[in-house]
Amino acid sequence: MKLNIALLAGDGIGPEVIDQAVKVCNVVAEKYGHDINWRPALTGAAAIDAVGDPYPEDTHKICETSDAVLFGAIGHPKYDNDPSAKVRPEQGLLRMRQKLGLFANVRPTFTFPSLIDKSPLKRERIEGTDLVFLRELTGGIYFGKRGREDDGETAYDTCTYTRAEIKRLAQKGFEMAQKRSKRLCCVDKANVLESSRLWRETVQAMEKDYPEVTVSYEFVDAVAMRLVQWPSEYDVLITENLFGDILTDEASVISGSMGLMPSASIGERIALYEPIHGSYPQAAGKDIANPLATVLSAAMLFDGFDLSEEAEAIRKVVNKSLAEGIVTEDLAEGGKSYKTSEVGNWLAANIQ
Ligand code: IPM
Ligand code: MG
């Protein structure tokens, strides 16, 4: 298969972890007879520095005309503590999600047998955890009307959803649940929010089309609690943008390190794959960041083209590296650790 992949390394550790994923993908492509054309493009603070825009039109054109996007991370501390900054790296990410129509963010949480004791949660609580969040990504409070009142003392952000937006996300959730354990949890705050009541009403109306899927409705505060009590009870969870942002960070630490969890953002046509961690600026350029979340995101990319053998080959070699202790310092617990690039080289050399 010939694949054009837009490569958006971004900021902080983005370029380092992306390099490892590219190495791994190139070996997989060679072994399985694919031809990947990587198309690098600027985004984030790096793009602001270069051209004054975190998601330049040139980058959008490259993404739009590619088969998929592989994304590193964006964000830079110089913007975090400056509420008056006019342009921010994060705006690039939001604009990209919107312009590419990436309305569903797929964020799995699973445990690795060899890492189970690295989790902040007890083994008996997390064993068997294999859940996936489908976070709505182009609506809600992230994109609603926001502003300041004239008095300058009052600010507001609004959460708006249309039935159509909820439906297309929920449909992906039902379809995913059908392929998995057939349990779907709709996470909302319908005891307080009108937008949540529309979510619940819309999902309830869809239940009859998926008779084999069991749907539960839970409030977001309760899910935040149950997620660390009994994560293994969940299968597919669907939720709105902000709830999903918060809960998926919470869910990501269950596996033991935030440096492990991949994600996919899907839409009508193009999909984007990225690690769920941020740009980790403290580690940038030091060759110490964990590249596995990005490498596993590349596995999801192959899945996205129904190349499941290729995806499985990547997951296998990642598991092997964990089992054999070929890990970066976040997972080494004072034992021998490897550099980001060494882990990448090892993975590339050990793919079966
Ligand atoms: C994420 C991030 C982004 C979000 C930020 C960087 C805008 O936290 O992808 O979860 O809030 O969506
Ligand atoms: Mg987030």
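A residue counts as exposed when its relative accessible area is over 50%, as buried when that area is under 20%, and as partly exposed in between. By this rule Glu194, at 55% relative accessibility, is exposed. The structure is a predicted model, and this report concerns its salt bridges.

Side chains of opposite charge can pair when their charged atoms come close. A search of the whole structure finds 19 salt bridges. The table lists some of them, with the N to O separation of each.

| Residue | Partner | N to O distance |
|---|---|---|
| Arg123 | Asp117 | 3.1 Å |
| Arg197 | Glu194 | 2.9 Å |
| Glu218 | Arg226 | 3.4 Å |

The pair of Arg197 and Glu194 lies within helix α8, which covers residues 194–206. The two residues are three positions apart, about one turn of the helix. Glu194 is exposed, while Arg197 is partly exposed, with a relative accessible area of 34%.

Arg123 and Asp117 belong to a network of salt bridges that also includes Glu127. Within this network, Asp117 is exposed because its relative accessible area is 57%, over the 50% cut-off. Arg123, by contrast, has 35% relative accessibility and therefore counts as partly exposed.

The bridge between Glu218 and Arg226 involves a buried residue. Which relative accessible area does Glu218 have? The value is 14%, which is under 20%, so Glu218 is classed as buried. Its partner Arg226 is partly exposed, at 27% relative accessibility.

Conventions
Residues are numbered from 1 along each chain as its sequence is written. Chains are lettered from A and ligands numbered from 1 in the order in which they are written. This is a predicted model: local features need pLDDT of at least 70, side-chain atom pairs count only at pLDDT 80 or more; totals for chains, interfaces and linings use all residues. Side-chain values use heavy atoms; hydrogens and water are left out. A salt bridge is a side-chain nitrogen of Lys or Arg within 4 Å of a carboxyl oxygen of Asp or Glu. Buried means under 20% relative accessible area, exposed over 50%, partly exposed in between (1.4 Å probe, protein chains only). Helices (H or I, at least four residues) and strands (E, at least two) are DSSP runs, numbered from the N terminus.
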